[in-house]
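User: Can you walk me through this one, fold first and ligand site after?

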Amino acid sequence: MTSKTADAVHFFRAWLSEPLRVAAVIPSGRALSALMVSEVSPEMGPVIELGPGTGAFTRALIAKGITEENLALIEYGSDFAAKLNLYFPRAKIFRMDAAKLHDVVLFNGVRAGAVISGLPLLSMPPRKVLSILDGAFAHLRADGAFYQFTYGPRCPISRSLLDRLGLKANFIGHTFANIPPAAVYRIRHRKPRRTPAQRLLQLPLSPDGQQPWPWDRRSNDR
Ligand SMILES: C[S@@+](CC[C@H](N)C(=O)[O-])C[C@H]1O[C@@H](n2cnc3c(N)ncnc32)[C@H](O)[C@@H]1O
């Protein structure tokens with residue numbers, strides 16, 4: 001059996017025993033892995049990966065120039081964590097619940113440029129999603145980004161949760177070349193809002209003189 005087939009079998013068994021936690025019957029394919037890391041570059045290291053499973057996105061991150069030493073892999077499943085230790089011996093592997101990210105020191109306090117999340121957020125209660133996002137953004141640089149995929153029709157993080165944390169989500173892309181097809185979103189901090197005084201002093205008006213320029217009013221913003 002090739003290691004890819006062995007991973008697929010391992011994944012399927014894990015799904016059979018804990019369908020809600022694993023939330024997929026086979027590991028993500030190449031197209032989705034490529035989409036997940038499409039904006040990642042070596043300067044964004046260190047990078048945190050949540051729910052790496054058998055390492056589909058981890059391999060894509062390494063192919064993008066993120067070294068194993070610059071990777072923290074947060075995985076709840078003990079079987080998956082054991083496999084990750086074998087495949088990526090120089091990465092920092094934490095067998096833990098991603099909702100407890102706040103409690104760990106990952107890279108001696110150096111902040112990450114990106115979080116790549118394969119977590120099944122849609123099957124988690126909002127309170128848990130809140131803890132995960134809160135912990136992840138505590139480990140990210142101010143301009144860092146959180147990448148999340150979903151099999152659903154929209155961003156798996158609700159508008160109210162994004163608002164509560166001062167975040168915005170942008171659609172990055174969709175692929176049919178995955179079982180099942182999936183979409184990827186980038187979640188970032190919103191730019192600080194200008195105060196009315198700042199707006200009066202600095203903001204140029206649109207040609208009709210009525211509205212500020214719509215520079216952050218993109219159709220796919222949430
Ligand atoms: C949909 S699978 C994705 C696996 C892999 N990223 C991929 O795309 O093939 C979800 C993964 O998240 C892990 N997971 C689920 N809940 C978790 C949690 N609270 N903390 C850490 N990992 C979790 C599961 O064990 C599984 O590895």
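Analyst: Here is a run of questions and answers on this predicted model.

User: Let's start with the overview. How many helices and strands does the protein chain have?
Analyst: Buried residues make up 36% of the 222 residues in the protein chain. Among contacts between residues at least 6 apart in sequence, 64% join residues at least 24 apart. As for the elements themselves, the count is 8 helices and 7 strands.

User: Is β4 largely enclosed or open?
Analyst: Take its neighbours before the count. β4 pairs with β1 in the parallel sense over 4 bridges, and with β5, again parallel, over 5 bridges. Burial settles the matter: 6 of the 6 residues of β4 are buried, so the strand is largely enclosed.

User: Which residue of β4 is the bridge partner of Glu 49?
Analyst: The β1 and β4 strands run parallel, with 4 bridges between them. Glu 49 has its bridge partner in β4, and that partner is Ile 116.

User: And on the β5 side, which residue stands opposite Val 115?
Analyst: β4 and β5 are joined by 5 bridges in the parallel sense. One pair there sets Ala 114 opposite Ala 145 in β5. For Val 115, the residue across in β5 is Phe 146.

User: Which strand runs antiparallel to β5?
Analyst: With β4, the pairing of β5 is parallel, so to speak not the one you want. Thr 150 stands opposite Ala 183 in β7. There are 5 bridges in that antiparallel pairing, and the strand is β7.

User: What handedness does the unit made by β4, α6 and β5 have?
Analyst: Helix α6 covers residues 126-138, and β4 and β5 pair in the parallel sense. The β-α-β unit made by β4, α6 and β5 is right-handed.

User: What does α6 span from its first C-alpha to its last?
Analyst: α6 has 13 residues, and the expectation at 1.5 Å a residue is 18 Å. The helix comes close to that, reaching 18 Å.

User: Which elements do the buried residues of α6 pack against?
Analyst: Start with who is buried: Ile 132, Leu 133, Gly 135, Ala 136 and Phe 137. An α-helix has 3.6 residues a turn, so residues three or four places apart point the same way. The packing partners of the buried α6 residues are β1, β4, β5 and α7.

User: Which residues of β2 are buried on the side with Ala 72?
Analyst: β2 is mostly covered, with 5 of its 5 residues buried. On one side the buried residues are Leu 71, Leu 73 and Glu 75; on the other they are Ala 72 and Ile 74.

User: Through which helix does the chain cross from β1 to β2?
Analyst: β1 and β2 pair in the parallel sense over 4 bridges, and Val 47 has Leu 71 as its bridge partner in β2. The β-α-β crossover between them is right-handed, and the helix is α4.

User: Which elements do the buried residues of α4 pack against?
Analyst: The buried set in α4 is Ala 56, Phe 57, Thr 58, Ala 60 and Leu 61. After the helix comes Gly 65, with a positive phi near 100°. The buried residues of α4 pack against α3, β1, β2 and β4.

User: Which residue in β3 stands opposite Glu 75?
Analyst: β2 and β3 run parallel, joined by 4 bridges. Together with helix α5 they make a right-handed β-α-β unit. Opposite Glu 75 in β3 is Arg 95.

User: Now the ligand. Which residues come nearest to the ligand?
Analyst: By class, the shell has 15 nonpolar, 5 polar and 3 charged residues. α2, α4 and β2 each supply at least two residues of the shell. Of the 23 residues around the ligand, those coming nearest are Ser 28, Gly 51, Gly 53, Tyr 76 and Gly 118.

User: One last spot. With which residues is Ile 179 in contact, leaving aside its neighbours within four places in sequence?
Analyst: Ile 179 lies in the loop between β6 and β7, and with 14 C-beta neighbours inside 10 Å it counts as partly exposed. Its C-alpha is separated by 7.7 Å from that of Ile 26, 153 residues apart along the chain. Its contacts, leaving aside those sequence neighbours, are Ile 26 and Gly 29.

Definitions and conventions
Residues are numbered from 1 along each chain as its sequence is written. This is a predicted model: local features need pLDDT of at least 70, side-chain atom pairs count only at pLDDT 80 or more; totals for chains, interfaces and linings use all residues. A residue is near a molecule or strand if its C-beta atom, placed from the backbone, lies within 6 Å of it. Ala, Val, Leu, Ile, Met, Phe, Trp, Tyr, Cys and Pro count as nonpolar, Asp, Glu, Lys and Arg as charged, and the others, Gly among them, as polar. The expected span of a helix is 1.5 Å times one less than its number of residues. A residue is buried if 20 or more other C-beta atoms lie within 10 Å of its own, exposed if 12 or fewer, and partly exposed in between; C-beta atoms are placed from the backbone. Two residues are in contact if their C-beta atoms, placed from the backbone, lie within 7 Å. Two strands pair if DSSP finds at least two bridges between them. A crossover is right-handed if, with the strands pointing away from the viewer, the path from the first strand over the helix to the second runs clockwise.
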